[in-house]
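Open the model in your viewer and keep the selection tool ready. Each stop below says what to select and what is there.

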Amino acid sequence: MTQLRISEAASLLGVSDDTVRRWADQGRLSLSQDASGRQVVAGAELAVLAQELAGNTDALDPAVGHRSARNHFTGLVTNIVSDTVMSQVDLQCGPFRVVSLISTEAVRELGLEVGSLATAVVKATNVGVEAFR
């Protein structure tokens with residue numbers, strides 16, 4: 001299961017580290033410790049919160065999630081629907097939902113799962129997905 005440090009979670013959600021900690025204190029997010037003793041958030045749980053926040057456009061700066069002028073959108077995998085050949089991968093990139101159709105083999109090779117951190121790379125009408133490892 002993907003785990004993200006508080007600073008990574010904050011960056012993806014477009015909020016401060018303190019906001020993530022406050023949400024954890026309020027029970028909105030669960031924190032655990034990684035092998036190094038750092039506090040982390042489960043990627044799948046963060047994906048759910050990212051979708052909730054994206055539905056409230058007043059909660060986020062509209063530019064959050066757009067990581068590059070070269071059309072790279074980094075976010076959390078929120079849903080994967082696969083058959084034997086193709087998969088639909090949904091990413092929540094700040095307030096933006098990005099959907100990509102890629103091979104099911106690619107999903108397996110990239111190790112994508114709900115809560116994984118990934119980047120959608122947009123070129124013309126095609127969207128590729130890069131996993132963080």
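An axis here is a line fitted to C-alpha atoms, for a helix over the stretch in contact, and angles run from 0 to 180 degrees between N-to-C directions. Keep in mind that this is a predicted model.

**Stop 1: two helices**

Select helices α1 and α2. At what angle do their axes cross? The crossing is at roughly 105 degrees, and the axes come within 8 Å. Angles of 65 to 115 degrees count as roughly perpendicular, so α1 is roughly perpendicular to α2.

Now show the side chains at the contact. From α1, pick Ile-6, Ser-7, Ala-9, Ala-10 and Leu-13. From α2, pick Asp-17, Val-20, Arg-21 and Trp-23. Colour these contact residues by type: six are nonpolar, one is polar and two are charged.

**Stop 2: a salt bridge within α2**

Stay on helix α2, residues 17-25. Select Asp-18 and Arg-21. Their side chains meet in a salt bridge, 3.4 Å from N to O. How far apart are the two along the helix? They are three residues apart in α2, so about one helical turn separates them. Arg-21 is partly exposed, with a relative accessible area of 34%.

**Stop 3: the open sheet**

Next, select β1, β2 and β3. These three strands form an open sheet in the order β1-β3-β2, with antiparallel pairing. Which strands are at the edges? They are β1 (3-5) and β2 (31-33), each pairing on one side only. Turn the sheet to see its twist, which averages 50 degrees from one strand to the next.

Zoom in on β2 and β3. Strand β3 covers residues 39-42, and three bridges join this strand to β2 in the antiparallel sense. Select Leu-31 to find one partner: Val-41 in β3.

Then bring the helices back. Helix α3 (residues 43-55) packs on the sheet and touches β1 and β3. The direction of α3 makes about 65 degrees with that of β3. Helix α1 (residues 6-13) lies across β1, β2 and β3. With β1, helix α1 makes an angle of about 90 degrees.

**Stop 4: Arg-38 and Asp-34**

Select Arg-38 and Asp-34. They form a salt bridge, with the closest N and O atoms 3.0 Å apart. Is each partner buried or exposed? Arg-38 is partly exposed, at 40% relative accessibility. Asp-34 is buried, with a relative accessible area of 17%.

**Stop 5: strands β4, β5 and β7**

Move on to β4, residues 72-82. Add β5, residues 86-93. The two strands form a hairpin with three residues between them. They pair in the antiparallel sense over six bridges. Select Ile-80, whose bridge partner in β5 is Val-89.

Now add β7, residues 117-123. Five bridges join β4 to β7, and these strands run antiparallel. Select Leu-76 here: the bridge partner in β7 is Leu-117.

**Stop 6: the last salt bridge of the tour**

Select Arg-97 and Asp-90. Their side chains meet in a salt bridge, 2.8 Å from N to O. Arg-97 counts as exposed, at 55% relative accessibility. Asp-90 counts as buried, at 5%.

How many salt bridges does a search of the whole structure find? The search finds three.

Key: Residues numbered from 1 in each chain as written. Predicted model: local features only at pLDDT ≥ 70, side-chain atom pairs only at ≥ 80, totals over all residues. Heavy atoms only, no water. Pairing = 2+ DSSP bridges. Helix = DSSP H or I, 4+ residues; strand = E, 2+ residues; numbered from the N terminus. Contact = heavy atoms within 4.5 Å. Salt bridge = Lys/Arg side-chain N within 4 Å of Asp/Glu carboxyl O. Buried < 20%, exposed > 50% of the residue type's maximum accessible area, 1.4 Å probe, protein only. Parallel < 35°, antiparallel > 145°, perpendicular 65-115°, else oblique. Nonpolar A, V, L, I, M, F, W, Y, C, P; charged D, E, K, R; others polar.
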